Amino acid sequence: MQKIFEVAKNNPLFQGIACGDFEPMLQCLSARVGRYAKDDIILLSGDPVHVAGLVLCGNIKIIKEDISGNSTILASLTASELFGEVFACAEVCHSPVTIQATEETEILFLDSGKILTTCSEVCLFHARLIKNMVRLLAHKTLMLNQKIEILSKRTTREKLFCFFDYQRGAKRKFRLPFNREEMATYLCVDRSAMSNELCKMRDERLIRFHRNEFEIL
């Protein structure tokens with residue numbers, strides 16, 4: 001339980017929740033842990049969705065598929081990051097996305113309906129959870145606006161620079177959460193064209209990179 005708490009406390013949803021309240025809170029939210037191997041499907045598009053998930057360890061990607069079967073990676077999540085809470089607030093009954101493990105992963109599942117409603121025991125942490133949820137949704141809205149800005153850029157180079165700016169923050173050196181294929185899918189660009197553009201940017205001494213390690217020059 002202590003191990004789970006150490007991960008969960010880093011997520012904004014659990015900000016201000018004391019360690020002593022954490023175990024009864026999990027019981028109240030009907031929490032359970034799921035374990036997945038690399039490439040396992042955690043949630044398939046169209047599946048009923050009644051839970052939110054907190055990544056305890058590992059990595060997952062959130063995938064959106066269109067009617068032609070083309071896939072777009074919406075996000076990549078690692079330890080202490082949450083998914084599915086937006087569906088709960090929007091009262092979405094079936095998942096519009098597929099969630100897949102990209103390595104061995106453990107997920108803490110929480111009954112999403114119980115997060116947003118106080119229980120018969122009138123637990124003190126529920127008010128805190130609801131307040132935290134509002135803040136978390138505001139942050140997700142900002143993240144969505146960031147992606148809209150990236151995709152609105154006209155050229156592959158402009159998309160790459162905009163993407164890098166959000167990933168690196170104030171740092172010159174940073175690590176990306178995607179491999180090349182995943183990054184091309186995320187940016188909605190051709191992989192070969194993107195790779196060529198990265199090489200041009202490197203040759204022009206705009207960036208330096210090795211695999212997923214990048215540096216802005």
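1. Contact, as used in this note, means heavy atoms within 4.5 Å. The structure under review is a predicted model. In that model, leucine 160 is in contact with Met183, Leu187, Met194, Glu197, Leu198 and Met201, once its neighbours within four places in sequence are set aside. Leucine 160 belongs to helix H6. Its relative accessibility is 0%, so leucine 160 counts as buried.

2. Helix H6 covers residues 156-168 and has 13 residues. From its first C-alpha to its last, H6 reaches 18 Å, close to the 18 Å expected at 1.5 Å a residue. Directly after the helix comes glycine 169, which has a positive phi near 65°.

3. The buried residues of H6 are Lys159, Leu160, Cys162, Phe163, Phe164 and Arg168. Lysine and arginine thus appear in this list beside leucine, cysteine and phenylalanine. The partners against which the buried residues of H6 pack include three helices, H5 (125-152), H7 (180-187) and H8 (191-203). Strands S9 (173-175), S10 (207-210) and S11 (213-216) are also partners in this packing.

4. Methionine 194, in helix H8, shows the packing from the other side. This residue has a relative accessible area of 0% and is buried. The C-alpha atoms of methionine 194 and leucine 160 are 8.4 Å apart, while 34 residues separate the two in sequence. Neighbours within four places in sequence aside, methionine 194 is in contact with Thr156, Leu160, Arg180, Met183, Ala184, Leu187 and Val189. Met183 and Leu187 are therefore contacts of methionine 194 as well as of leucine 160, contact being heavy atoms within 4.5 Å.

5. Leucine 151 is located in helix H5. With a relative accessible area of 32%, leucine 151 is partly exposed. Apart from neighbours within four places in sequence, its contacts are Lys159, Tyr186, Leu187 and Cys188. Leucine 151 and valine 189 are 38 residues apart in sequence, and their C-alpha atoms are 9.4 Å apart in space.

6. Cysteine 188, one of the contacts of leucine 151, sits in the loop between H7 and H8. Its phi is near 60°, a positive value in a residue other than glycine. The relative accessibility of cysteine 188 is 46%, and the residue therefore counts as partly exposed.

7. A second non-glycine residue with positive phi is serine 80, at about 80°. Serine 80 occupies the loop between strand S5 (71-78) and strand S6 (82-83). Which side of the burial cut-off does serine 80 fall on, buried or exposed? Buried means under 20% relative accessible area; serine 80 has 16% and is therefore buried.

8. Serine 80 is also among the contacts of valine 55, a residue of strand S3 (residues 51-57). Valine 55 has a relative accessible area of 0% and is buried. Beyond neighbours within four places in sequence, the contacts of valine 55 are Val7, Ile60, Leu77, Thr78, Ala79, Ser80, Glu81, Phe83, Thr105, Glu106 and Ile107. Valine 55 and leucine 108 lie 53 residues apart in sequence, with a C-alpha to C-alpha distance of 6.4 Å.

9. Separation in sequence should not be read as a guide to distance in this chain. Leucine 160 and serine 112 are 48 residues apart in sequence, and their C-alpha atoms are 35 Å apart. For valine 55 and leucine 108, the corresponding values are 53 residues and 6.4 Å.

10. Some values describe the chain as a whole. The chain contains eight helices and 11 strands. Its radius of gyration is 19 Å, which agrees with the value near 17 Å that a compact globule of 217 residues would have. Along the principal axes, the C-alpha atoms fill a box of roughly 65 × 40 × 30 Å. Of the contacts with a separation of 6 or more, 70% are between residues 24 or more positions apart.

11. As to burial and surface, 41% of the 217 residues are buried. The chain exposes about 12,100 Å², and carbon and sulfur atoms supply 52% of that area. The chain carries 29 positive and 27 negative charges, and the mean positions of the two sets are 7 Å apart.

Definitions and conventions. Residues numbered from 1 in each chain as written. Predicted model: local features only at pLDDT ≥ 70, side-chain atom pairs only at ≥ 80, totals over all residues. Heavy atoms only, no water. Helix = DSSP H or I, 4+ residues; strand = E, 2+ residues; numbered from the N terminus. Rg over C-alpha atoms; globule rule 2.2 N^0.38 Å. Buried < 20%, exposed > 50% of the residue type's maximum accessible area, 1.4 Å probe, protein only. Areas by Shrake-Rupley, 256 points an atom, 1.4 Å probe, with all protein chains shown as cover. Lys, Arg positive; Asp, Glu negative; His and termini not counted. Charge placed at Lys NZ, Arg CZ, Asp CG, Glu CD. Expected span 1.5 Å × (residues − 1).
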